[in-house]
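Please walk me through this structure one region at a time, and explain how the individual contacts are assigned.

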Amino acid sequence: MKLNLNKLYVVYKPTKYSEKVDVFDGRPDTLAGLFHQVLGGLKESQVHAIYTTAAEADKEANELLSTRSKSHKKSKQIKRGEGYAIFTKDVPAKDRYNVQSKPKVYATRKEAEQALAEALKQGWRKSELKILKY
């Protein structure tokens with residue numbers, strides 16, 4: 001069987017937030033295009049498979065997304081006032097519910113402290129962040 005290297009269909013590994021177009025967009029790629037993506041930062045671990053037909057790639061992408069959604073647990077809804085969230089020091093406690101984008105809410109203070117520790121590793125300064133009951 002002869003492969004056409006100017007018509008490859010790449011299926012990427014889904015993340016927990018991936019949509020169908022993130023896994024497979026339906027457009028063919030070339031070997032040169034794939035090489036440019038690697039130069040741009042694409043890693044082998046991000047590619048699930050490469051197919052020669054769009055139908056095979058589409059079928060595999062659908063299977064990947066369906067198995068991921070079955071294994072994805074629904075997180076327990078946290079009631080207002082029972083969780084903890086991380087805010088910048090500029091947000092007063094009285095305005096914590098009136099922020100422009102809803103913060104990630106953690107069920108326990110310990111979870112929020114762990115997330116704060118991760119934010120500090122990413123370059124935030126402790127004096128810029130605080131944990132408030134949310």
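The paragraphs below go from the aromatic residues to the charged pairs, then to the start of the chain and some further positions. The model is a predicted one, and the distances and accessibilities quoted here are to be read with that in mind.

A convenient place to begin is the aromatic residues. A pair of aromatic rings is described by the distance of the centres and the angle of the planes. The count of aromatic pairs in this model comes to three. One of them joins Y97 and Y134, whose ring centres lie 4.9 Å from each other while their planes make an angle of 40 degrees, a geometry that is classed as tilted. This pair links distant parts of the chain, since Y97 belongs to the loop between β3 (84-88) and β4 (105-106), whereas Y134 belongs to the segment after β5 (129-133), the two being 37 residues apart. The pair is tilted because an angle of 40 degrees falls neither under 30 degrees, which would count as stacked, nor over 60, which would count as edge-to-face.

How accessible are the two rings' residues, Y97 and Y134? Y97 has a relative accessibility of 26% and counts as partly exposed, while Y134, with a relative accessible area of 10%, is buried. The assignment of Y134 follows from the cut-off, because a residue is called buried when its relative accessible area is under 20%. Both tyrosines also belong, together with F87, to one aromatic cluster. Y97 has a charged partner as well, for the charged end of R80 sits over the ring of Y97 at 3.6 Å from the ring centre.

The charged side chains form the next part of the picture. Side chains of opposite charge can pair when their charged atoms come close. Over the whole structure, a search finds six salt bridges. Among them is the one between K20 and D58, in which the closest N and O atoms are 2.4 Å apart. This salt bridge links distant parts of the chain, with K20 in helix α1 (residues 20-23) and D58 in helix α3 (residues 54-71), at a separation of 38 residues. K20 is partly exposed at 30% relative accessibility, and D58 is likewise listed as partly exposed, with a relative accessible area of 27%.

Another salt bridge is made by the side chains of E118 and K121, with an N to O distance of 3.5 Å. Here the two residues both lie in helix α4 (residues 109-121), three residues apart, which corresponds to about one turn of the helix. E118 is partly exposed, its relative accessible area being 42%, whereas K121 is exposed at 67%. K121 receives that label because its value is over the 50% cut-off for exposed residues. A further salt bridge joins R125 to E128, and the closest N and O atoms of this pair are 3.6 Å apart. Of these two residues, R125 counts as exposed at 54% relative accessibility, while E128 is partly exposed with a relative accessible area of 22%.

Turning to the start of the chain, L3 is placed in the segment before β1 (9-12). L3 is partly exposed, with a relative accessible area of 48%, and together with L5 and L31 it makes a nonpolar surface patch of about 270 Å². L8 is also found in the segment before β1, but L8 counts as buried at 8% relative accessibility. In space, the C-alpha atom of L8 is 8.7 Å from that of R27, although these residues are 19 residues apart in sequence.

S18 lies in the loop between β1 and α1 and is buried, with a relative accessible area of 11%. The side chain of S18 reaches the backbone nitrogen of T15 at 2.7 Å.

Two further loop positions complete the tour. E82 is located in the loop between α3 and β3 and is partly exposed at 49% relative accessibility. The C-alpha atoms of E82 and V105 are separated by 9.3 Å, with their positions 23 residues apart along the chain. R96, in the loop between β3 and β4, is partly exposed with a relative accessible area of 22%. The C-alpha atoms of R96 and A85, which are eleven residues apart along the chain, are separated by 9.1 Å.

Note on methods:
Residues numbered from 1 in each chain as written. Predicted model: local features only at pLDDT ≥ 70, side-chain atom pairs only at ≥ 80, totals over all residues. Heavy atoms only, no water. Patch = residues over 30% accessible without salt bridge, like charges linked within 9 Å, V, L, I, M, F, W, Y side chains within 5 Å. Areas by Shrake-Rupley, 256 points an atom, 1.4 Å probe, with all protein chains shown as cover. Salt bridge = Lys/Arg side-chain N within 4 Å of Asp/Glu carboxyl O. Helix = DSSP H or I, 4+ residues; strand = E, 2+ residues; numbered from the N terminus. Buried < 20%, exposed > 50% of the residue type's maximum accessible area, 1.4 Å probe, protein only. Phe/Tyr/Trp six-rings, centres within 6.5 Å; stacked < 30°, edge-to-face > 60°. Lys NZ or Arg CZ within 6 Å of the ring centre and 35° of its normal. Polar contact = N/O pair within 3.5 Å; in protein donor to acceptor, adjacent residues only side chain to side chain.
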